[in-house]
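Biologist: I would like a close look at one part of this model, and then a walk outward from there. Please keep it brisk.

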Amino acid sequence: MDDVFELAAPEAQAIFLRDVLDGLSRAQRTLPCQYFYDAAGSDLFEQITELPEYYPTRTETAILRAHAEEIASALGQNVLMIEYGAGASTKTRILLDALEDMAGYVPIDVSEEFLLHTAQVLRTDYPALAVHPVVGDFMIRFGLPDDSQGQPVGFFPGSTIGNLSDSEIVQFMHAARDLLGQASQFIIGVDLSKDASILVPAYDDAAGVTAAFNLNLLARINRELGSDFDLSAFAHRAIWNDTASRIEMHLESLRPQTVTLGGRSITFEAGETIHTENSRKFTIDSLTPLFEQTGWTLNKTWLDEKHYFAVLLLSAI
Ligand SMILES: C[S@@+](CC[C@H](N)C(=O)[O-])C[C@H]1O[C@@H](n2cnc3c(N)ncnc32)[C@H](O)[C@@H]1O
């Protein structure tokens, strides 16, 4: 497909191996969280969104539903919606249903199989909508598909912004400003600071789905890079880091062990962890300066009753 940007498979695999070896060589071992999302990881994430403990999806969905008309009227007509980290594009449908005369939809995601399937289902359900999927890392600059047209509007739901550090948010928002251009708008879903007693279960559910999601990263490394992680020797941990205002996901080695990867041996002590993801919890005031310095201004904030989650409308300045 002409409009599908993607790395060639051998190159993508070499980058994956490089990133994994780099992360596992650090004093605090780490793995980049974007690698959670192969087809199995995306399926597991969809299961997470339906868990009773996982409040973000249902809260953000309710905000979007409650204000869909107001959002649609602020976005106007002829919208080309560019969605960063689109996943199953479920929340997107609320906006697609509310917007009139859309020019097109550009979902961007690293999870190729899942993205292309989602794009196909959307084409069936919205036959008049031009859908232009882009497979790739949204942290790397890319151009809009040649045949996409309309007034660009960014959409970045799910508080995926919470996986980024401040410097990554600045890099991301700068690139989005350049891509979307003058007069563009941007809708961003942001998970807000709240008590750890609500946050920790959301990332450590009773049914063990988030644990399976976290462990799938090691399963994926075994599948794609031929390593020999013993999944039963690692355990999922979700930790609230109050100082950094973030949930950290880790995989803890349950015993001393050695893993073989890319011709190297990597030794883990019992209790040593691999840090796999940060999910930051924000105040709106902490984000505003990052938006202002990257060419955006905050126009409108929609919240749920408990102030768990915010949907922000930014415009380019
Ligand atoms: C937390 S999920 C959110 C999914 C969906 N937008 C939602 O609101 O439920 C993050 C999504 O972003 C994608 N993703 C994560 N990091 C990415 C990156 N660096 N580039 C492109 N997509 C990424 C994942 O594959 C996944 O679909």
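How many bridges join β7 to β8, and do the two strands run parallel or antiparallel?

Modeller: One caution before the answer: this is a predicted model.

Now the strands. β7 and β8 are joined by eight bridges, and they run antiparallel. To find the pairing in the structure, start at phenylalanine 234, whose bridge partner in β8 is serine 253. β7 covers residues 234–241. β8 covers residues 246–253.

Next, look at the other neighbour of β8. β8 also pairs with β11, again in the antiparallel sense, over seven bridges. Here methionine 249 is a useful marker: its bridge partner in β11 is glutamate 277.

β11 spans residues 273–280 and takes a further partner, β1. That pairing is parallel and consists of two bridges. β1 itself is just residues 29–30. One of the residue pairs to display is arginine 29 with isoleucine 274 of β11.

Put these pairings together and you have the sheet. It is open, has four strands and follows the order β1-β11-β8-β7. Its pairing is mixed. β1 and β7 are at the edges, and each has a single partner strand, so one side of each is left without a neighbour in the sheet.

A helix accompanies this sheet. α9, residues 209–225, lies across β7, β8 and β11. Relative to β7, α9 runs at about 115°.

There is also a seven-strand sheet. This one is open too, with mixed pairing, and its order is β4-β3-β2-β5-β6-β13-β12. The edge strands are β4 (134–135) and β12 (296–303), each pairing on one side only. Within the sheet, look at β5 and β6. β5 is residues 151–156, β6 is residues 185–191, and four bridges join them in parallel. Phenylalanine 155 stands opposite isoleucine 187 of β6. Helix α10 (residues 284–292) packs on this sheet and touches β6, β12 and β13. The directions of α10 and β12 make about 150°. Helix α4, residues 68–75, lies across β2, β5, β6, β12 and β13. Its angle to β6 is about 145°.

From α10, move to a side chain that meets this region. Methionine 173 sits in helix α7, residues 166–180. Leaving out residues up to four places away in sequence, methionine 173 touches Leu290, Phe291, Thr294 and Trp296. One of those partners is far off along the chain: phenylalanine 291 is 118 residues away, yet the two C-alpha atoms are separated by 7.1 Å. Is methionine 173 buried or exposed? The cut-off for burial is 20 or more other C-beta atoms within 10 Å. Methionine 173 has 25 such neighbours, so it counts as buried.

Two loops flank α7, and each holds a residue with an unusual sign of phi to check. Serine 159 lies in the loop between β5 and α7. Its phi is near 55°, a positive value in a residue other than glycine. Serine 159 is buried, because 21 other C-beta atoms lie within 10 Å. Alanine 183 lies in the loop between α7 and β6. Alanine 183 is not a glycine either, yet its phi is positive, at about 70°. Its surroundings contrast with those of serine 159: alanine 183 has 9 C-beta neighbours inside 10 Å and therefore counts as exposed.

Now the ligand. Its shell holds 20 residues. The closest are Gln34, Tyr37, Gly85, Gly87 and Gly158. Two elements each supply at least two residues of that shell: α2 (39–48) and β3 (104–109). By class, the shell has eight nonpolar residues, nine polar and three charged.

Last, the whole protein. It contains 10 helices and 13 strands. Its radius of gyration is 20 Å, close to the 20 Å from the globule rule for 317 residues, so the protein is as compact as a globular protein of that length. Along the principal axes, the C-alpha atoms fill a box of roughly 60 × 45 × 35 Å. Buried residues account for 38% of the 317. Finally, consider contacts between residues at least 6 apart in sequence: 72% of them join residues at least 24 apart.

Terms used: Residues numbered from 1 in each chain as written. Predicted model: local features only at pLDDT ≥ 70, side-chain atom pairs only at ≥ 80, totals over all residues. Pairing = 2+ DSSP bridges. Near = placed C-beta within 6 Å. Nonpolar A, V, L, I, M, F, W, Y, C, P; charged D, E, K, R; others polar. Contact = placed C-beta atoms within 7 Å. Axes fitted to C-alpha atoms, helices over the stretch in contact; angles between N-to-C directions. Rg over C-alpha atoms; globule rule 2.2 N^0.38 Å. Buried ≥ 20, exposed ≤ 12 C-beta atoms within 10 Å, placed from the backbone.
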